[in-house]
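User: I would like to study a protein model step by step. Please answer my questions with the reasoning that leads to each result.

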Amino acid sequence: MVSCLSVKRGFCVAALFGGLAFGISVAEAQEPVQLEDALSSPREQELRGQLKGILQELDDLKRNREQALPPAERPKTVTEKAAPESSGEAEVAEAMPEYELADTSIVSKRLQKRPEGMSLSSTIQAETDSQPTRTMKESMESLPGVILRQANGPRDFSIAIRGQGVKTSFAVRDIKMYEDGFVQTQSDGLSRLDIHDPWFMRSVEATRGASSSLYDNYALGGMIHFRTRRGSDINGVESFFSGGSYGYHKEAFAIGQETEHLDVSLFASNVQEDGYIRNSGYKTQTINFNLRFKIDDKQNFYFKAISNWLDSRVPTRLTQAQFIADDRQVGGTGATTADRLHQQRVDRRTILGGIYERQLNANTVLTIEGDYDVKDINQTFNQISDNINPNYKHYTDLRHDGRLGDMPLRSYVGFFANSMEQEGQTFQNLADGQGTRGLLLQNNRGNIRNIGARFREELEFVPQWTLAAGLGFEQSHLSIETINYTGGAVSSRPNAHRDFTNWAPEVALTWKPAEGYRHWVRGSTGYGLPTFGNLTRDPVTGLPGANFDLKPQKNLNVEIGTESKLHKTLTVQLVGFWTFFKDEIITQTLDNNNTISANASSSEYRGIEAFYDWRPVSGLRLSGAYTHTDARYINFSDRASTGFLVRDGKKVPNVPTDVLNSKVEYEHAESGWGGWVEGSYYNSYFLNNNNTFGIPSYMIGNVNIHKTVELKKSWFRFAKFYLEMDNIGDKKYAASGQVVTGETHGQAAGSPAFFAGYGRAIYGGVTLGLF
């Protein structure tokens, strides 16, 4: 009851603030007074407004009637230009739009245009269809500027966009994550991919570049949005079975249906594997429920529930010598090997949320969201820790399409508030191979609260030219209290209480000279708060204490980009970016091997992102994504045993420099056969601040064949079979690294750095469409 009351109160407060802010926005964006309106009476103007609303509602009712019909009886909807008919000549396929879903409301089927002037990319359904769907990396590596690397667990990957997010060796930080419009990032900035099952997905969208004006705290690199399949995409029951190398097997089902007022989908999966690296076996289960209810022609409600259970053993990263000797070993030495420590994650994550959408008039839409998100983790490493993080989130948004004089104006204003509790305990690990707990080492309890607002205006000041400007504001309070124990007795009580205020302006200019062409320049900002752990270590000794000098990290992203449909079969995107970082939070290791968090005064990330999609003949698609990033310290003094060392001009460690993904796929619609060949290349990059030690480059290839069988006259609607071989050359490679200490190559090579990538693996499976 307490949580429900809290959410309801949040709705009321947010609606009040949203209404006040929106009053200002609408006042500035009134419809232009046309000559005909000026000569008509107030009553006539009122009737004209009502007529406009009635026509909009009639269109909605027509669409609803069409959706209620069986699929075979529905009117055909053109989503792309049909290939020209030919006699004897191969038909030429149109390049399909990649942003179709982004222009549709999450809650309903109402048109909702995406923001202008941003670098956007999206996967297509084929990236998660007819594949093993083991991890999100399988499909997301086709996105330019987005890089995934193995972390602590089966589906746990770190994500980097334009170099942001590379400083964590587990989970995801510095990037905001959503699923179907619901925020997946907790209030402390942590996100995990464990909760997202790729088989549930219809697409994954990426907004690249600092975006805190739209997505508030921690959107330093941008935003990732996972979109699950709707009930209308399933319309029945589907089951999925797959298995393959290293003991891998997956079982899943999906149930979905759409009616006149309801769209519902339910997904569930179970995945288990022995693991390629020893001590990396796991089992994980995920449930994902989505219910979209059309209350009436103006109101919609969306309820979502996700829960993920994970029980995974975790290896230790390898030194260079260990990796060369045996890349599949558990890692560690002596009494600290991963199996002696019984390294393991036993985690649970549950998210419950609702979004209410109301069309206030023909041009104005209100959305109100409330979420409850709880993370309960029990992890065994060098120490054993238990943590629970209940998180409450609320958002109120208003969107209005109006005019400023004769110029179209799209306005957006929002208000948000969220709060997360932290409660944890840490124990000794007796290293007996069973994960037995020893003495209590620490108790901690903390809280982080964020409240803020944002607005955005997009003005088409002349035809084909749109100027966008936005501003985000956030006030944050972070507090943490800890009690440390030595030998069972209290040894210290470090605590931290900090308040932060952040602003995030943004401006962009877009030119669309013709259909299929978009060119833009953008300047945007991002910010991210320190974490609880950052603030509870003395910055001089590395011992438990308070770090009062640590500042939020901030960045300024400048980019210029083009997305052009050079031919009806060829679409390309090319973006150049330059990101200026201030007070980047990094980890330093002191002489006593204790770690601290410090700010690097300034650093710069610059590079290019390129993408192409070419469909020269019907069924054939060639695509590729390339990312180059050059990241360097501009003003940074690093702690070392000899004192402070100037790192100006050195490359920022653990930032991939060159990543290329290329794919050739062919689908023969008449027979149902299809297949693809894919190659990925990762260049080498440095892992230490002195740039003397790095991770080797590598290139791997994957191949897939699949067959779809349509069974129209059977209760089996279809069957999709696939067979895939990954890493066909059985390449030995390091799939990820982490930042290490050491000035010389020899010193750095002795630090644990690498997780090995999978060797050659074969997977097969089938999706069955039932009923």
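## Contacts, rings, cores and cavities

User: Which residues does G472 touch, not counting residues up to four places away in sequence?
Analyst: The model is a predicted one. Contact requires heavy atoms within 4.5 Å. When residues up to four places away in sequence are not counted, the residues touched by G472 are S213, A453, R454, N502, W503 and A504.

User: Does G472 count as buried or exposed?
Analyst: G472 is found in strand β18, which covers residues 465-486. A residue is buried when its relative accessible area is under 20%. The relative accessibility of G472 is 3%, so this residue counts as buried.

User: What distance separates the C-alpha atoms of G472 and N217?
Analyst: Along the chain, G472 and N217 are 255 residues apart. In space, the separation of their C-alpha atoms is 9.5 Å.

User: Is L574 buried or partly exposed?
Analyst: L574 belongs to strand β23, residues 570-589. The partly exposed class lies between the buried limit of 20% and the exposed limit of 50%. With a relative accessible area of 46%, L574 is therefore partly exposed.

User: Which residues are in contact with L574, leaving aside its neighbours within four places in sequence?
Analyst: T562 is 12 residues from L574 along the chain, and their C-alpha atoms are 5.5 Å apart. T562 also appears among the contacts of L574. Leaving aside the neighbours within four places in sequence, the full list is I560, G561, T562, E609 and A610.

User: How far apart in space are T259 and F293, C-alpha to C-alpha?
Analyst: T259 is placed in the loop between β9 and β10. Its relative accessibility of 42% makes T259 partly exposed. T259 and F293 are 34 residues apart in sequence, and their C-alpha distance is 9.6 Å.

User: Why is the pair of F200 and F267 classed as it is?
Analyst: The structure holds 24 aromatic pairs. In the pair of F200 and F267, the ring centres are 4.9 Å apart and the planes meet at 25 degrees. Planes under 30 degrees apart count as stacked, so the class of this pair is stacked.

User: How many residues apart are F200 and F267?
Analyst: Both F200 and F267 are buried. F200 lies in the loop between β5 (182-183) and β6 (201-208), while F267 lies in strand β10 (residues 262-273). The pair thus links distant parts of the chain, with a separation of 67 residues.

User: What class does the pair of F693 and F754 have?
Analyst: F693 and F754 are both buried. F693 sits in the loop between β30 (685-686) and β31 (694-695), and F754 in the loop between α9 (745-749) and β35 (755-756), so the pair ties together parts 61 residues apart in sequence. Their ring centres are 5.9 Å apart and their planes are at 40 degrees, so the pair is tilted.

User: Which residues form one aromatic cluster?
Analyst: F200 and F267, the stacked pair, both belong to this cluster. The complete membership is W199, F200, F240, F267 and Y722.

User: Over the ring of which residue does the charged end of R134 sit?
Analyst: The charged end of R134 is 4.7 Å from the centre of the ring in question. The residue that carries this ring is Y758.

User: How many residues does the largest nonpolar core have?
Analyst: In soluble globular proteins, nonpolar side chains tend to be buried together. Here M140, V146, I159, L193, I224 and F226 have the most contacts inside the largest core. Elements that give two or more residues to this core are β2 (146-150), β3 (157-161), β6, β7 (222-228) and β9 (248-258). The number of residues in the core is 25.

User: Which residues does M140 touch, not counting residues up to four places away in sequence?
Analyst: M140 is one of the residues with the most contacts inside the largest core. Residues up to four places away in sequence being left out, M140 touches V146, L148, I159, V204, I224 and F226.

User: Which element gives the most to the lining of the largest cavity?
Analyst: There are nine cavities of 30 Å³ or more, and the largest has a volume of about 660 Å³. Its lining has 41 residues, and the closest to its centre are R134, Q150, F157, Y733 and Y758. With four residues, the element that gives the most to this lining is β29.

Methods: Residues are numbered from 1 along each chain as its sequence is written. This is a predicted model: local features need pLDDT of at least 70, side-chain atom pairs count only at pLDDT 80 or more; totals for chains, interfaces and linings use all residues. Side-chain values use heavy atoms; hydrogens and water are left out. Rings of Phe, Tyr and Trp (its six-membered ring) pair if their centres lie within 6.5 Å; planes under 30 degrees apart count as stacked, over 60 as edge-to-face and the rest as tilted. Buried means under 20% relative accessible area, exposed over 50%, partly exposed in between (1.4 Å probe, protein chains only). A charge sits over a ring if NZ of Lys or CZ of Arg is within 6 Å of the ring centre and within 35 degrees of the ring normal. A nonpolar core is a set of buried Ala, Val, Leu, Ile, Met, Phe, Trp, Tyr and Cys residues joined through side-chain atoms within 4.5 Å. On a 1 Å grid over the protein atoms alone, a cavity is a set of points where a 1.4 Å probe fits but cannot get out, and a pocket is an open set with protein on both sides within 12 Å along at least five of seven lines; lining residues have an atom within 4 Å of a point. Grid points are joined across faces, edges and corners, and a volume is the space filled by probe spheres set on the points.
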